[in-house]
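Hi,

Here is the structure I said I would pass on. Have a look at it first, and then read on for what I found in it.

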Amino acid sequence: MSPSLSYPPKPLSPVTLEPGLRLLLCPNPSPMTFHGTNTYLLGTGDIAVIDPGPQDDAHLKAILASLTPDQKITHIIVTHSHLDHSPLASVLSSRTGAPIFAFGPATAGRSLVMQKIAAAGLSEGGEGIDHTFTPDICVQDGYVIEGSDWNLEVLHTPGHLGNHICLAWGNACFTADHVMGWASSLVSPPDGDLTDFMSSCDRLAARNWRVFYPGHGAPVDAPNERLTWLIEHRRAREVNILDTLSRAPATAGTLAQLIYTETPSALMPAATRNVFAHLIDLYGKTQVSAPLPLTRDSVFSRVV
């Protein structure tokens, strides 16, 4: 990000991050979205709109107003189908004629483990799923989306959501909600899968990145260091859970209360989902046990 710019920018006012890339902040701040959703405008002729954001008329007008007479929106790319990222895509597509690119609809990429947990009755994980979302073009891992002066490599990075993708633009990467600088990503079953999340982290960590452009918050200027922190943070949380279970069996909710001692009560449901995600991962690694089917009310024990 240019030294002359600071985050957050003024909502609905595009700012240049580097040649050929602008950021447009949607005015939808919340505990889950920070200052709002980052919509990116990539290109100088053919414009790709990455994550149009929620249904917001002012944001739609700002996206359209950001175009110069020689520019045209040719691609709409949705990294995942949470309500703060995807709903505006269909409206923008109808206004511009640009097709919508994404991995797939809401449940695309959901792991078999999470499919079973969802079938057992666990509802969506709290961030709001856009169940009506349907892309025009479903992209797979390794697919290259091309404009007149840019190309993006699709990296399927399930974990935060099964249909989550990151987009490699040379040695820069649009990481959406997988890696952010202001917070660790929420992994909330049955939408999120921690086993997949950690695999996706390892995959991103195998490359040497210059910068991450996340779905919320400022650009991450030390991307590989941030990935290392994120991986270590999750491993430390795993140790906390196992140490706590060594003292007594417990549910995800009880563990969250014991571990997240400084978390505001309004965020405890999200903390409980995070702990449950870890417990499912640990169950898969046979480090904890619990009666099936696994639910948030299951009592987990450490396997010794």
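Let's start with Asn-274, which counts as buried because its relative accessibility is 11%, and the cut-off for buried is under 20%. Bear in mind throughout that this is a predicted model. Asn-274 sits in helix 7, which covers residues 268-284. What does Asn-274 touch, leaving out residues up to four places away in sequence? The list is Ser-185, Leu-186, Val-187, Arg-234 and Tyr-260.

Now for the sheets. One is an open sheet of seven strands in the order 1-2-3-4-5-6-7, and its pairing is mixed. Its edge strands are strand 1 (15-18) and strand 7 (137-138), each of which pairs on one side only. As a general reminder, strands of a sheet pair through backbone hydrogen bonds, in either a parallel or an antiparallel way. Within this sheet, strand 5 (residues 72-77) and strand 6 (residues 100-102) are a parallel pair, joined over two bridges. If you want a spot to zoom in on, Ile-77 stands opposite Phe-101 in strand 6.

Two helices go with that sheet. Helix 2 (residues 88-96) packs on it and touches strand 4, strand 5 and strand 6. The direction of helix 2 makes about 155° with that of strand 5. Helix 1 (residues 57-65) lies across strand 2 (21-25), strand 3 (38-42), strand 4 (46-50) and strand 5. Relative to strand 2, helix 1 runs at about 160°.

How do helix 1 and helix 2 pack against each other? Their angle is about 45°, and their axes are 11 Å apart. That makes helix 1 oblique to helix 2, because 45° falls neither under 35 degrees nor in the 65 to 115 range, and is not over 145 either. The crossing of helix 1 past helix 2 is right-handed. On the helix 1 side the contacts come from His-59, Leu-60, Ile-63 and Leu-64. They meet Leu-88, Val-91, Leu-92, Arg-95 and Thr-96 in helix 2.

There is also an open sheet of five strands, in the order 8-9-10-11-12, again with mixed pairing. Strand 8 (144-146) and strand 12 (211-214) are its edge strands, each pairing on one side only. On average, neighbouring strands here are turned by 25° against each other, with direction ignored. Strand 11 and strand 12 pair in the parallel sense, over four bridges, and Ala-176 stands opposite Pro-214 in strand 12. Helix 4 packs on this sheet, touching strand 9 (151-156), strand 10 (165-169) and strand 11. The direction of helix 4 makes about 145° with that of strand 9.

Ala-176 deserves a second look, along with some other backbone oddities. Most residues other than glycine have a negative phi, and most peptide bonds are trans. Ala-176, in strand 11, has a positive phi near 50° although it is not a glycine. Is Ala-176 buried or exposed? Ala-176 is buried, because its relative accessible area is 3%, under the 20% cut-off.

Phe-34 also has a positive phi without being a glycine, at about 65°. Phe-34 lies in the loop between strand 2 and strand 3. With 30% relative accessibility, Phe-34 counts as partly exposed, since that class lies between the 20% and 50% limits.

Then there are the cis peptide bonds. One runs from Tyr-7 to Pro-8, with omega near 5°, and Pro-8 is in the segment before strand 1. Another goes from Pro-189 to Pro-190, also with omega near 5°. Pro-190 is in the loop between strand 11 (172-176) and helix 4 (194-205).

That loop between strand 11 and helix 4 also holds Asp-191. Asp-191 counts as buried because its relative accessibility is 9%. What does the side chain of Asp-191 contact? Its partner is the side chain of Arg-110, in a polar contact at 3.3 Å.

That's what I have for now. Shout if you would like to go through any of it together.

Cheers

Note on methods: Residues numbered from 1 in each chain as written. Predicted model: local features only at pLDDT ≥ 70, side-chain atom pairs only at ≥ 80, totals over all residues. Heavy atoms only, no water. Buried < 20%, exposed > 50% of the residue type's maximum accessible area, 1.4 Å probe, protein only. Contact = heavy atoms within 4.5 Å. Pairing = 2+ DSSP bridges. Axes fitted to C-alpha atoms, helices over the stretch in contact; angles between N-to-C directions. Polar contact = N/O pair within 3.5 Å; in protein donor to acceptor, adjacent residues only side chain to side chain. Left-handed = near helix turned anticlockwise from the far one by under 90°.
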